[in-house]
Amino acid sequence: MTFSDVMTAIDKWAARAGLPAYFGDEYVRNHQANAITGDFIFWDVPGGSRVYGEVSAEPLGLDVMLQVLGTSYYMKDLAAELDVLERTFNVIESISKEVVCEFGVSLSRIVKRENIYDSQKSGWEITFTLTDN
């Protein structure tokens, strides 16, 4: 598995979901979010790990973070906020199913994100530790 493999896969998953995908760290994402309307995907590869045994090393595990977000209605309109959370959850769950078909996944963590970034986005964030199948 290479960084390019991850990039290609995310582009494919985003296209299937009909959403644009943007890459970057927290600072870049905050800046980009200000110009984005509608639902979208943010992603990053913040790190990884490798376990070394007595004889050989295990495959490299890359942590891949995906956020599926939309405009937040946090503390303004509960029904609209719940709609954003439902919509983005369905996308992230669909992508999750594709991830496990293409990569080995040793761990995933999901968290709800509400009212984040300067332009206030809500949705879901999932981090996978991916390895070669």
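How many residues of E5 are buried? Select strand E5, residues 121-131, in this predicted model. The count is 11 of the 11, so E5 is largely enclosed by the rest of the structure.

**Stop 1: the partners of E5**

Add strand E3, residues 61-71. E3 and E5 run antiparallel, joined by 10 bridges. Now add strand E4, residues 104-116. E4 and E5 are also antiparallel, and 10 bridges join them.

Pick Leu-130 in E5. Leu-62 has Leu-130 as its bridge partner. Val-105 has Leu-130 as its bridge partner too.

Follow the chain from E4 into E5. The two strands form a hairpin with 4 residues between them. Stop at Tyr-117 in the turn, where phi is positive, at about 70 degrees.

**Stop 2: Thr-129**

Stay in strand E5 and select Thr-129. Its relative accessible area is 9%, so Thr-129 is buried, the limit being under 20%. Show side chains here. The side chain of Thr-129 makes a polar contact of 2.8 Å with the side chain of Asp-63. Beyond its neighbours within four places in sequence, Thr-129 is in contact with residues including Gly-61, Leu-62, Gly-104, Val-105 and Arg-109.

**Stop 3: Lys-112**

Go to strand E4 and select Lys-112. Lys-112 is partly exposed, at 41% relative accessibility. Its side chain makes a polar contact with the side chain of Glu-114, at 2.7 Å. Leaving aside neighbours within four places in sequence, Lys-112 is in contact with Leu-85, Gly-123 and Trp-124. For scale, draw a line to Gly-24. The C-alpha atoms of Lys-112 and Gly-24 are 19 Å apart, with their positions 88 residues apart in sequence.

**Stop 4: the nonpolar cores**

In soluble globular proteins, nonpolar side chains tend to be buried together. Which residues have the most contacts inside the largest nonpolar core? Select Val-6, Ile-10, Trp-13, Ile-41, Leu-66 and Ile-95. The core has 23 residues. Helix H1 (3-17), strand E2 (40-49), E3, H3 and E5 each supply at least two of them.

Centre on Ile-10. Not counting residues up to four places away in sequence, Ile-10 touches Ala-21, Trp-43, Val-64 and Leu-66. Another core, of 7 residues, lies apart from the largest one; among its members are Ile-36, Leu-69, Ile-116 and Tyr-117.

**Stop 5: Glu-98**

Move to helix H3, residues 78-102, and select Glu-98. Is Glu-98 buried or exposed? Glu-98 is buried, with a relative accessible area of 16%. A polar contact of 2.3 Å joins its side chain to that of Arg-16. Leaving aside neighbours within four places in sequence, Glu-98 is in contact with Trp-13 and Arg-16.

**Stop 6: aromatic pairs**

Show the rings of Phe, Tyr and Trp. The count comes to 9 aromatic pairs. Select Phe-3 and Phe-23. Their ring centres are 5.9 Å apart and their planes stand at 80 degrees, so the pair is edge-to-face. Phe-3 lies in helix H1 and Phe-23 in strand E1, so the pair ties together parts that are 20 residues apart in sequence. Phe-3 is partly exposed, at 38%, and Phe-23 is partly exposed, at 39%.

Next take Tyr-22 and Phe-42. This pair is edge-to-face, with 6.1 Å centre to centre and 70 degrees between the planes. Tyr-22 is in strand E1 and Phe-42 in strand E2, 20 residues apart. Tyr-22 is partly exposed, with a relative accessible area of 26%. Phe-42 is buried, at 0%.

Finish by adding Phe-40 and Tyr-117. Together with Tyr-22 and Phe-42, they form one aromatic cluster.

How values were computed: Residues numbered from 1 in each chain as written. Heavy atoms only, no water. Buried < 20%, exposed > 50% of the residue type's maximum accessible area, 1.4 Å probe, protein only. Polar contact = N/O pair within 3.5 Å; in protein donor to acceptor, adjacent residues only side chain to side chain. Contact = heavy atoms within 4.5 Å. Core = buried A, V, L, I, M, F, W, Y, C linked by side-chain atoms within 4.5 Å. Pairing = 2+ DSSP bridges. Phe/Tyr/Trp six-rings, centres within 6.5 Å; stacked < 30°, edge-to-face > 60°.
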